[in-house]
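Reader: I have a structure open on my screen and would enjoy talking it through. Could we go over it together, one question at a time?

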Amino acid sequence: MGKFSSIVLGVVSGAAAAVFLSSKKGKEVTARVNDFIKEVQENPEEFKEQVIHSAVDLKDQAVETVSQVRDKVNNGEITRETILTSVKETTKEVIDYSQDKFQAIKEKLQEENLTTSDLVSSIKEKSYALTNEKPHSEDIVIELKEN
């Protein structure tokens, strides 16, 4: 991916995050996260037990998955070639999708007679406006200690 594509992808991703977080849905997600954090702060032992239970479940699932994959490898159902083929196909799909999206962005820029600097300036202005509308939040640190 070239420098231009990387810059555009970074700027678009940042702007999308800023727009989402300032949208109604983004505010709802933020409120749910804040509610969750408040619940954790009010009852940390219960949260700790839930985390431990989830970690054990995840470990059990991982062990089972590894066992199933090992059996498939031993039986010849999964080979090095099938893995490489799958990775190549998925990579090609991702590249094709990305190229299509970047081409659409380039065409939109050309239709609107915009330059890259116009786009970057516009996104910066909108991001700045969005961040200045929101009150600043505090960092919340949750420490889990084993008794």
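Reader: Which helix gives the most residues to the lining of the second largest pocket?

Author: Happy to start there, with the reminder that this is a predicted model. Two elements each give two or more residues to that lining, namely helix 1 (3-22) and helix 4 (80-111). With five residues, the top contributor is helix 4.

Reader: Thanks! Which residues lie nearest the centre of the second largest pocket?

Author: The space in this pocket comes to about 170 Å³. Its lining is made up of ten residues. Those nearest the centre are Leu9, Val12, Lys101, Phe102 and Ile105.

Reader: And how many residues of that lining are nonpolar?

Author: Let's sort the lining by residue class. Two of its residues are polar and one is charged. The nonpolar residues number seven.

Reader: Now for charges: where do Lys92 and Asp96 lie?

Author: The side chains of Lys92 and Asp96 form a salt bridge, with N to O at 2.9 Å. In sequence the two are four residues apart, about one turn of the helix. Both belong to helix 4.

Reader: Is Lys92 buried or exposed?

Author: The cut-off for exposed is a relative accessible area over 50%. Its salt-bridge partner Asp96 has 30%, so Asp96 counts as partly exposed. Lys92 has 52%, and therefore Lys92 is exposed.

Reader: Which residue does the side chain of Lys59 meet in a salt bridge?

Author: A search of the whole structure turns up two salt bridges, and Lys59 takes part in one with an N to O distance of 3.2 Å. Lys59 has a relative accessible area of 49%, so Lys59 falls in the partly exposed class. The partner is partly exposed too, at 39%, and is Asp60.

Reader: Stepping back, what percentage of the residues in the protein are buried?

Author: The protein has five helices and zero strands, and its elements run α-α-α-α-α from the N terminus. Its accessible surface is about 12,300 Å², with 56% belonging to carbon and sulfur atoms. A residue counts as buried under 20% relative accessible area. Of the 147 residues, the buried share is 11%.

Reader: One last thing: among contacts with a separation of 6 or more, what percentage joins residues 24 or more positions apart?

Author: Good one to finish on! Here a contact means heavy atoms within 4.5 Å. Taking the contacts with a separation of 6 or more, the share from residues 24 or more positions apart is 69%.

Definitions and conventions: Residues numbered from 1 in each chain as written. Predicted model: local features only at pLDDT ≥ 70, side-chain atom pairs only at ≥ 80, totals over all residues. Heavy atoms only, no water. Buried < 20%, exposed > 50% of the residue type's maximum accessible area, 1.4 Å probe, protein only. Areas by Shrake-Rupley, 256 points an atom, 1.4 Å probe, with all protein chains shown as cover. 1 Å grid on protein atoms, 1.4 Å probe; cavity = no way out; pocket = protein on both sides within 12 Å on 5 of 7 lines; lining within 4 Å. Points joined across faces, edges and corners; volume = space filled by probe spheres on them. Nonpolar A, V, L, I, M, F, W, Y, C, P; charged D, E, K, R; others polar. Salt bridge = Lys/Arg side-chain N within 4 Å of Asp/Glu carboxyl O.
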